[in-house]
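Let's take a walk through this model together. Please keep the sequence and the 3D view open as you read.

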Amino acid sequence: MSTYPEIFAVSTENFANTVLEASHQRPILVDFWADWCAPCRALSPQLERVIADLNGQIHLATLEVDEGDNMREAGRYQVRGFPTVMLFHYGLEIARFSGARSRHQIREWLQQQLGATLVFLHSTE
């Protein structure tokens, strides 16, 4: 999957522990995606770059909706299209966006949600 330890796959079976519980330690993005979805494939490397730029401040969980019972998790959060990215903190969803976005747009969105607490290692230039 990813070369970054901050990026990992999740499923319905471990969502409560690896996302909800873990989000009490640090914010966690969840990328609801599907292999057949072109915008999902475009978004994935942008998310990975942002997570790398944040150097562990935020983790990224990827949930492939077509594997096992994962569509059930997407339904629980009323995901209507793919990709949908949700931000969890302290066990709660605090924001979401749908569709592909650039690295710069994702960084701006995260700063709007979490404020000046984020420190990026690299500029978007």
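The paragraphs below look at a disulfide, then a hairpin, and then a loop.

A word on the ground rules: this is a predicted model, in which local features need pLDDT of at least 70 and side-chain atom pairs count only at pLDDT 80 or more, while totals for chains, interfaces and linings use all residues. Residues are numbered from 1 along each chain as its sequence is written, and side-chain values use heavy atoms, with hydrogens and water left out.

Let's begin with the cysteines. A disulfide is a covalent bond between the sulfur atoms of two cysteines. Here the term is applied to a pair of cysteine sulfur atoms within 2.5 Å, and a search of the whole structure finds one such pair. The partners are Cys 37 and Cys 40, whose sulfur atoms lie 2.4 Å apart. Because the torsion about their S-S bond is about 80°, the disulfide of Cys 37 and Cys 40 is right-handed. Are these cysteines buried or exposed? Buried means under 20% relative accessible area and exposed over 50%, with partly exposed in between (1.4 Å probe, protein chains only). Cys 37 has 3% relative accessibility, so it counts as buried, and Cys 40, at 2%, counts as buried too.

Now move along to the strands. Helices (H or I, at least four residues) and strands (E, at least two) are DSSP runs, numbered from the N terminus. Strand E4 covers residues 84-89, and strand E5 covers 92-98. Two strands pair if DSSP finds at least two bridges between them; E4 and E5 run antiparallel and are joined by six. To find one of these bridges, look at Met 86, whose partner in E5 is Arg 96. The two strands form a hairpin with two residues between them. In that turn sits Tyr 90, with a positive phi of about 55°. Tyr 90 is exposed, with a relative accessible area of 51%.

Finally, step back to the loop between helix H3 (70-76) and strand E4. Most residues other than glycine have a negative phi, and most peptide bonds are trans. With that in mind, which residue of this loop has a positive phi? In the loop between H3 and E4 you will find Gln 78, with phi near 55°. At 52% relative accessibility, Gln 78 counts as exposed. Pro 83 belongs to this loop as well, and the peptide bond leading to Pro 83 from Phe 82 is cis, with omega near -5°.
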